[in-house]
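Me: I'd love a close look at the charged side-chain pairs in this model, and at what sits around them. Could you take me through them one by one?

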Amino acid sequence: MAQLATAAPWPRGVYDSMADVACPAIPAMIKLAIKNQEFDAAVLDLNFEGQAEDGLDLFDFILRNSPSLSVIVLSGDRKIQRIIDATKRPMVDFIVKQGDYFEKLKIAIDRGVERKRKWQSDRSS
């Protein structure tokens, strides 16, 4: 079963087969969870209202501290520059929080988990 860290609002029932979904809403708590637990994929929002850090800061933290972690960006952000900056980073997918995005999210998570497992398999060969 996969381990998922999410820094985006997590709709119930989207991915019920996940064994563990860590969903802290504060970037510092997300960083702590990523440092202390092994995850297969991370779902990030770009905007953290009222926080000093945003999703790009968290994305950069993941790239430095857990480069094998598959990142999926799930955002309704309207700041074009932040969206452009996000798409320049290596990610599994960028999903816009609009309409019925849940199926796209499930597919992206599956791809992210598979990518992480392939990375681990390649490293152990």
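To begin with, which side chain meets K97 in a salt bridge, and what is the N to O distance?

Reply: Happy to. Please keep in mind that this is a predicted model. The partner of K97 is D45, and the N to O distance in this salt bridge is 2.7 Å. K97 sits in the loop between β5 (93-96) and α4 (102-124), while D45 belongs to the loop between β3 (41-44) and α2 (55-65), so this salt bridge ties together parts that lie 52 residues apart in sequence. The two ends have their own surroundings: D45 is buried, because its relative accessible area of 8% falls under 20%, whereas K97 is partly exposed at 27%.

That pair belongs to a set of 8 salt bridges in the structure, so let's follow a few others. R89 is joined to D60, with 2.7 Å between the closest N and O atoms. Here the loop between α3 (80-87) and β5 supplies R89 and helix α2 supplies D60, so the pair links parts that are 29 residues apart in sequence. D60 counts as partly exposed, at 24% relative accessibility.

Strand β5 brings in another one. Its residue D93 forms a salt bridge with R111, and the closest N and O atoms are 3.4 Å apart. R111 is in helix α4, so this pair ties strand to helix across 18 residues of sequence. Both partners are partly exposed: D93 has a relative accessibility of 23%, and R111 has a relative accessible area of 39%.

Salt bridges can also share partners, and that is how D54, D77 and R82 become one network. Of these, D54 deserves a closer look. You will find D54 in the loop between β3 and α2, and that is also the loop that holds D45. With a relative accessible area of 18%, D54 is buried, because the cut-off for that word is under 20%. Once its neighbours within four places in sequence are set aside, D54 is in contact with L46, F48 and R82. R82 is thus named both among these contacts and in the network.

Now for the rings. The count comes to 1 aromatic pair, and it is made by Y101 and F102, which are tilted, with 4.6 Å from centre to centre and 55 degrees between the planes. Y101 is buried, with a relative accessible area of 12%, but F102 is partly exposed at 30% relative accessibility.

Helix α2, which we met through D60, also has a helix partner. Two packed helices are described by the angle between their axes and the distance between those axes. The axes of α1 (residues 27-36) and α2 come within 11 Å and cross at roughly 15 degrees. That angle is under 35 degrees, so α1 counts as roughly parallel to α2. Their crossing is right-handed. On the α1 side the contact is made by P27, I30, K31, I34 and K35, and on the α2 side by L58, F61 and I62.

To come back to your opening pair, the K97 and D45 bridge joins a partly exposed lysine to a buried aspartate, and it does so between two loops.

Key: Residues numbered from 1 in each chain as written. Predicted model: local features only at pLDDT ≥ 70, side-chain atom pairs only at ≥ 80, totals over all residues. Heavy atoms only, no water. Salt bridge = Lys/Arg side-chain N within 4 Å of Asp/Glu carboxyl O. Helix = DSSP H or I, 4+ residues; strand = E, 2+ residues; numbered from the N terminus. Buried < 20%, exposed > 50% of the residue type's maximum accessible area, 1.4 Å probe, protein only. Contact = heavy atoms within 4.5 Å. Phe/Tyr/Trp six-rings, centres within 6.5 Å; stacked < 30°, edge-to-face > 60°. Axes fitted to C-alpha atoms, helices over the stretch in contact; angles between N-to-C directions. Parallel < 35°, antiparallel > 145°, perpendicular 65-115°, else oblique. Left-handed = near helix turned anticlockwise from the far one by under 90°.
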